[in-house]
Amino acid sequence: PPRAGRKHGREAPVHDERNAQITETNRIETLRDRCPQCQAPIRGDRHMIAVGNFVYLCMPAHGCLVPGHCMIVPSDHFNSTLQADDNTWTEITNFKKCLIRMFDRDDQDVLFVETAMYFDKLPHTFIDVIPLPREVGAMASGYFMKAINEAESEFKRQNTKQIKTIPGKGAKGKIPPKLPYFCVEFGATGGYAYAIEDERIFRNFARNTVISILDLEPRATRNPPDPTWLPRFKDMWAPFDWTKMLLGETPSGLAAAGTPS
């Protein structure tokens, strides 16, 4: 009957939309079940260094450029740190502050780099942490500006706006959460962020820039870490491992300097 037909016509789009939502939910759950970053703290990944309640610190399984290169990774599956909740941000900040102290004791500067893009593929974001010799760290900002300008020229883009960041906060409050972006911070002095329009420019951009700065072999982006690097890093990190405070302990490197928060 016509009334039934009209009712069915109204319900069909709703039914199709519901099926599409179910399909998308299943896709997201499957991707997360297969996500190495989501599974790493659960399975006790061999590259793990320290685990907080919401964030963990690990060594890259591939593309470990120099001794001390590590990654700050949210335990929950966020496509960017801008999507992260306050608890996650607190622990990200704790890791940053303690890593700065650790590398400072070793007379090194440190880069914090996040590249958040390809959101349609639901990536699990992370922050690359790359130590640099003092003399190189002092010039790192100039190196990155030059690399971005050269990349823009190659892809015929101009006038990308640099946005200064608040130290320790990355792109938080500077880039809209749904926009892809690149952010680099230079230790405790802050840095800058870019809203990405052409994602081709920033594929492996940060690691390739560091390879150029340190004159490393191009294949370094694919190399597994030297097996001696992880135990050496853990020894360096132990006095600054703020996650021990979750168990009521105070690491020696934090006792004199105070808590990271």
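Visitor: Which residues form one aromatic cluster?
Guide: The model is a predicted one, and it holds 11 aromatic pairs. One aromatic cluster is made up of Phe144, Phe182, Phe186, Tyr192, Tyr194, Phe202 and Phe205.

Visitor: What is the geometry of the pair formed by Phe144 and Phe205?
Guide: A pair of aromatic rings is described by the distance of the centres and the angle of the planes. For Phe144 and Phe205 the distance is 6.3 Å centre to centre, and the angle between the planes is 65°. Planes over 60 degrees apart count as edge-to-face. The pair of Phe144 and Phe205 is therefore edge-to-face.

Visitor: Which helices hold Phe144 and Phe205, and how many residues apart in sequence are the parts that the pair ties together?
Guide: Phe144 belongs to helix α5 (residues 140-154), while Phe205 belongs to helix α6. Because the two rings sit in these two helices, their pair ties together parts of the chain whose separation in sequence is 61 residues.

Visitor: Are Phe144 and Phe205 buried or exposed?
Guide: Buried means under 20% relative accessible area. Phe144 has a relative accessibility of 0%, and Phe205 has 7%. Phe144 is therefore buried, and Phe205 is likewise buried.

Visitor: Why is helix α6 described as largely enclosed by the rest of the structure?
Guide: Helix α6 covers residues 205-214. Its buried residues are Phe205, Ala206, Arg207, Thr209, Val210, Ile211 and Ile213. The helix counts as largely enclosed because the buried residues number 7 of the 10.

Visitor: Which residue follows α6, and what is its phi?
Guide: The loop between α6 and α7 contains Asp215, which counts as exposed at 69% relative accessibility. Most residues other than glycine have a negative phi, and most peptide bonds are trans. The residue that follows α6 is Asp215, and its phi is positive, near 55°.

Visitor: Where is Leu122 found, and is it buried or exposed?
Guide: Leu122 also has a positive phi, near 55°, in a residue other than glycine. Its place is the loop between β4 and β5. With a relative accessibility of 17%, Leu122 counts as buried.

Visitor: Which side chain makes a polar contact with the side chain of Lys96?
Guide: Lys96 is part of helix α3 (residues 86-105) and is buried, at 4% relative accessibility. Its partner lies in strand β7 (residues 181-186) and is buried too, at 2% relative accessibility. The two side chains make their polar contact at 2.5 Å, and the partner of Lys96 is Glu185.

Visitor: Which element gives the most to the largest nonpolar core?
Guide: The largest nonpolar core has 28 residues, and those with the most contacts inside it are Ile49, Leu57, Ile72, Leu99, Phe233 and Trp237. Elements giving two or more residues to this core include β1 (48-51), β2 (55-58) and α7 (229-237). The element that gives the most, with 7 residues, is α3.

Visitor: How many residues does the other core have?
Guide: Another core lies apart from the largest one. Its members include Ile130, Val136, Phe202 and Ala220. The number of residues in this other core is 27.

Visitor: Which residues is Trp237 in contact with, leaving aside its neighbours within four places in sequence?
Guide: One of its contacts is Cys98, a residue that is buried with a relative accessible area of 0%. With sequence neighbours within four places left aside, the full set for Trp237 is Ile49, Ala50, Leu57, Phe95, Cys98, Leu99, Met102 and Trp242.

Visitor: How many disulfides does the structure hold?
Guide: A disulfide is a covalent bond between the sulfur atoms of two cysteines. The cysteine sulfur closest to that of Cys38 is in Cys35, at 3.7 Å, which is too far for a bond. For the structure, the number of disulfides is 0.

Visitor: How far apart are the C-alpha atoms of Ser75 and His124?
Guide: Ser75 sits in the loop between β3 and α3. Its contacts, leaving aside neighbours within four places in sequence, include Cys38 and His124. Ser75 and His124 are 49 residues apart along the chain, and their C-alpha atoms are separated by 9.2 Å.

Methods:
Residues numbered from 1 in each chain as written. Predicted model: local features only at pLDDT ≥ 70, side-chain atom pairs only at ≥ 80, totals over all residues. Heavy atoms only, no water. Helix = DSSP H or I, 4+ residues; strand = E, 2+ residues; numbered from the N terminus. Buried < 20%, exposed > 50% of the residue type's maximum accessible area, 1.4 Å probe, protein only. Polar contact = N/O pair within 3.5 Å; in protein donor to acceptor, adjacent residues only side chain to side chain. Disulfide = S-S within 2.5 Å. Core = buried A, V, L, I, M, F, W, Y, C linked by side-chain atoms within 4.5 Å. Contact = heavy atoms within 4.5 Å. Phe/Tyr/Trp six-rings, centres within 6.5 Å; stacked < 30°, edge-to-face > 60°.
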